[in-house]
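Welcome, and please open your viewer. We will move from stop to stop, selecting a few residues each time.

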Amino acid sequence: MIDFGYKIAETRTIDYEQFDGRLLEFVLENERSFVKCLSCGGCTATCSAGNLIDFNIRKINLFLRRGSLEELSKEIDKCMLCGKCVLVCPRDINIRNVVMLIKKGIVKFNNEQISS
Amino acid sequence: MKIDGKRNVWHNYQKEIADDHFYYVRSCIRQNFFPGSEYFFLRVMKEELGKDVFDDPKHTTCTGIGYHSDVVPFETIQTVVARHFALMKESGYKNLAVSCVTSFGIYSEIVETWKEFPEELEKIRNLLRKATGKEFDVPENIAHTSDIIYKFKGEIAEKQQYQLVNKITGKPLQIVEHIGCHYAKMFPTKGVGGAEFPQVLAGMIEEWGGEVIDYPERRHCCGFGFRQYLVQANRGYSLANSKKKFESMAPYQPDAIICNCPGCTMFMDKWQYVLAETEGKYYGAGKHGIPVLTYEELAGLVMGYDPWDLGLQMHQVDSEPLLDAIGIDYDKNAKYDLSKKISPKKVLIKSELD
Amino acid sequence: MKSIYEQLSEDVRFMEGIKACMNCGVCTAICPAAEFYDYDPRMLVNMVQEKDEESLIELLKSDMIWYCGQCMSCKTRCPRNNCPGQVISVLRKISQELGYFTESTKGRQQLAIKRNIGDTILKYGYCVHPKILKPERHPEQGPVWSWVYENMEAAYTRFGSNLDKEGAGTLRKITDDILGELKSIFDETGGTELFELIEKHSLKKAKEMGLASEDGNLDAYMDHIQTH
Amino acid sequence: MKKTILTVGGGLAGIEASKTLADMGYSVSIIEKENDLGGKVNQWHQLFPDFRESSDVQDYIKQSTGSKDIMVFPGTEIASIEKKDNGFYVKSNKAVAFDIDAILLATGFEIFAAERKEEFGYGIYDNVITSVDLEQKFRKGGQFYNAGGKVPKRIAFIHCVGSRDAKTGNHYCSKVCCITGIKQAIELAKLIPGVEIFCFYMDLRMYGLEYEELYKTAQEKYGIQFIRGRLSEASENIDNSILIKCEDTLSGRPLKMNVDLVVLLVGMEAGEGTQNAGTICNVEFGSQRFISCRDAHLRRNLTTRDGIFTAGTCTGPMSIPETLENARSAALEIHKYLSEK
């Protein structure tokens with residue numbers, strides 16, 4: 001094959017048609033309050049971990065809703081589970097529980113994938 | 001899709017295009033890769049339409065590719081453009097015919113800048129005077145050469161030998177038109193049909209019997225991206241953008257892609273070749289790509305010019321499937337015969353063949 | 001000493017290209033570069049309008065300003081009549097003037113463009129000439145281009161060209177007096193100065209990177225920047 | 001003898017102000033260029049934020065014009081105006097003319113013509129409709145289909161169409177579209193079980209009481225999703241569904257999505273009626289082509305000309321309750337003016 005000296009660029013666009021909603025569904029089934037997230041960033045501002053390292057807890061909602069599961073798995077482990085975000089959330093979302101559910105969900109779906 | 005909606009948009013963007021007496025400026029890419037198109041444009045204007053077009057040997061590049069890849073300063077390109085205007089003035093022309101979409105965008109941008117910032121115009125007058133001693137006037141009319149073909153599409157139709165119709169099925173050919181970003185995206189009113197639903201090529205295609213495909217990525221850039229192609233390491237960007245378009249148009253099974261901009265014509269052609277080589281992808285029927293033509297080549301074909309005189313053999317993707325679909329009578333063996341000369345007149349007159 | 005923002009503001013294109021951005025993202029939505037590079041024109045414009053000197057310097061030294069393909073699709077759509085593509089042109093200009101462009105991988109590529117396109121303009125009067133398009137450097141041009149390249153004279157004659165000859169026609173020779181006028185324009189308007197700046201800063205960088213020969217030959221550097 | 005007022009425009013504002021004036025003992029003539037009174041409200045289905053039937057408001061309006069002190073002239077427009085004694089002499093496009101003491105401009109707004117946002121393909125792509133078209137679909141009732149005869153599985157609402165947009169010349173926020181979008185999204189969610197609905201917004205301007213609450217309900221109860229990004233372009237797929245592109249600005253990445261229906265939340269514009277009437281009356285306009293208030297805080301119903309007043313959306317976007325309040329306040333201003341004369 002001819003070596004053209006470069007590779008075709010990969011797209012960065014979120015293609016909603018590729019979205020796998022299973023993890024989102026699992027989280028919402030068990031913590032319905034998360035549906036109310038406004039993306040206001042109050043959680044990020046107060047986040048203990050986010051004040052020390054490159055971590056934006058607001059974005060976990062986006063990762064979940066856009067199907068960016070790889071990024072989500074990486075990000076979610078940075079949470080210290082201190083729960084300060086729950087105190088400031090203007091929509092009374094139990095963010096701490098959301099984090100727990102995401103962790104649980106990732107394990108669950110990874111296991112399902114392995115067994116199937 | 002409601003075609004009337006498009007016609008309403010088109011109605012709102014009918015620019016003024018001069019009727020005669022053009023000063024012609026060539027394109028770096030078109031003359032390199034599609035010299036037959038520039039040759040044909042002058043020929044049809046003079047011989048078929050009886051127009052006065054001045055092909056001045058003194059003009060040069062506008063430096064647009066250098067400007068958009070940031071090695072030519074804005075003052076420099078403005079002054080080079082001003083020099084072209086000075087040459088027009090010297091030779092008594094007021095209407096500019098531009099063979100390149102990048103140049104056309106440059107001319108539009110510069111003239112608009114001068115309107116908005118008159119001090120910039122004065123600065124350039126001084127710079128040109130200092131550099132060359134020349135004086136210039138801003139042209140009265142600036143048209144891309146496709147605008148001019150668009151304007152005379154009816155006259156061309158009167159001389160038409162072939163319809164853009166599938167010879168076997170009798171159905172209109174399905175054609176993708178690609179406008180080139182710098183034609184109207186910067187200044188929608190400078191383009192026939194505007195930026196969102198440009199009519200310049202669609203008008204020709206419809207007039208000559210074909211049908212235009214409106215596919216989802218129609219407005220997307222071919223991916224030239226200037227420095228994104230000029231530097232080898234960046235070409236994956238250029239390729240990926242063209243591929244995005246091919247994937248989007250493929251379900252409509254286009255018979256051809258007609259381009260406005262010389263750069264796009266080259267990339268839509270060459271990237272199909274690269275995708276075939278690297279991914280085994282063919283976007284046309286069988287092991288063919290989708291033929292990519294300039295609008296001059298399309299006009300030449302419908303008027304009955306010999307495809308090999310027009311230079312269709314300079315495209316990497318074979319144009320034969322299109323020629324066969326139209327039912328053009330051409331010599332298959334003459335494609336790469338460089339001993340042939342351009343015929344002094346059209347060789348194939350349908351009425352003579354019948 | 002003028003701040004970066006002041007330097008940017010002196011260019012009319014900058015004044016036209018950025019008024020106030022409301023971060024709506026229509027530019028990024030259809031930007032070909034935003035799709036294929038880690039790049040977001042909205043964020044770039046927002047960063048510029050914050051006017052922070054330190055982050056502007058960092059921006060001018062980064063790859064971020066070199067991803068735009070100058071298609072100007074952003075201009076058509078912006079609801080505030082901004083044009084990120086034009087803002088980019090001015091950022092690139094200042095990055096080159098201050099020598100910051102050699103700090104980034106993509107910025108360093110400017111030498112290749114200067115030598116391939118810039119020098120061709122002054123040599124042939126056009127940005128491109130068949131003689132500089134060597135098939136081995138351009139495999140994407142395919143077998144057809146090799147055929148044209150190898151039969152250059154005959155091929156261009158076949159299509160009515162006037163290759164390298166005096167008079168009118170495609171690819172005609174641009175005579176020395178006209179090339180002289182072009183050079184004179186480049187001298188008067190800062191074009192020549194920019195060429196020299198690009199060469200000067202690139203040489204410096206090439207030495208730093210150990211990619212320049214004793215006599216200042218930059219072939220190794222050129223090879224490097226064209227493939228990185 | 002009773003003092004007389006000419007109300008130009010028989011929409012909500014004109015009628016409410018006229019009714020209030022008639023109740024206070026004035027004699028009012030209403031001229032309306034259309035044949036029916038009521039204006040735009042006749043086109044709506046249910047009203048935000050409580051899903052009240054718009055017919056309630058229409059009925060209220062109909063009752064208002066029953067007074068013997070209100071004369072209605074349908075199909076009539078203002079043609080010229082001159083100062084006469086202490087009042088005005090106004091000619092119309094018909095054989096009728098008016099000798100009056102004060103003029104009330106209540107010429108309302110026009111709906112932004114969505115064709116002008118060419119990149120959204122309204123009027124070209126069958127499955128791109130406006131919020132006004134959607135109200136009409138709701139009024140028709142029955143099973144909900146898109147243009148291809150399909151029950152939509154995914155629908156996108158596009159905020160700020162013709163508002164906050166220098167390209168259309170409309171720099172202002174039309175303010176009622178955000179809540180209209182949420183109201184309509186909920187109506188669709190009720191009509192089509194399981195439908196996925198996305199709202200593409202830049203800011204959600206839930207300025208009224210119960211508006212923010214409805215936004216929350218939309219998320220909580222109906223699963224409506226909100227993506228912060230302005231629509232950049234819509235194009236048609238081969239199956240007539242629509243491909244939309246925006247930036248998911250909170251993620252900082254471009255996003256594309258196929259939808260079965262796109263609803264453009266079209267804004268309010270100062271229409272031709274306002275332009276014509278205002279120009280004939282020689283009052284000043286603001287930069288956005290609405291009629292200028294003499295004092296934007298303290299004298300909202302006074303134009304720059306004595307004896308000429310405004311009510312309703314000819315001075316800027318308003319909701320229905322705001323329009324009604326503004327109209328009643330106009331009546332009081334006119335009363336004050338005529339009493340002091």
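Start by selecting Ile158(D): beyond its neighbours within four places in sequence, Ile158(D) is in contact with Phe200(D), Leu231(D), Val262(D), Val263(D), Leu264(D) and Leu265(D). Here, contact means that the C-beta atoms, placed from the backbone, lie within 7 Å. This is a predicted model, where local features need pLDDT of at least 70 and side-chain atom pairs count only at 80 or more, while totals for chains, interfaces and linings use all residues. Residues are numbered from 1 along each chain as its sequence is written, with chains lettered from A and ligands numbered from 1 in the order in which they are written.

Next, add Ile258(B), Phe200(D), Ile244(D), Val262(D) and Leu264(D): with Ile158(D), they touch the most other members of the largest nonpolar core, which has 241 residues. Such a core joins buried Ala, Val, Leu, Ile, Met, Phe, Trp, Tyr and Cys residues through C-beta atoms within 7 Å. Buried means 20 or more other C-beta atoms within 10 Å of a residue's own, with C-beta atoms placed from the backbone. Helix 5 of chain B (residues 74-91) gives the most to this core, nine residues; helices are DSSP runs of H or I, at least four residues, numbered from the N terminus.

Now select helix 15 of chain B, residues 295-302: eight of its eight residues are buried. Among them are Tyr295(B), Glu296(B) and Glu297(B). After this helix comes Gly304(B), with a positive phi near 90 degrees.

Finally, colour chain D by domain: domain 1 is 4-109 + 270-340 and domain 2 is 114-268, with bounds from an automatic or database domain assignment. Their centres, over C-alpha atoms, are 32 Å apart.

Notes. A residue is buried if 20 or more other C-beta atoms lie within 10 Å of its own, exposed if 12 or fewer, and partly exposed in between; C-beta atoms are placed from the backbone. Helices (H or I, at least four residues) and strands (E, at least two) are DSSP runs, numbered from the N terminus. Two residues are in contact if their C-beta atoms, placed from the backbone, lie within 7 Å.
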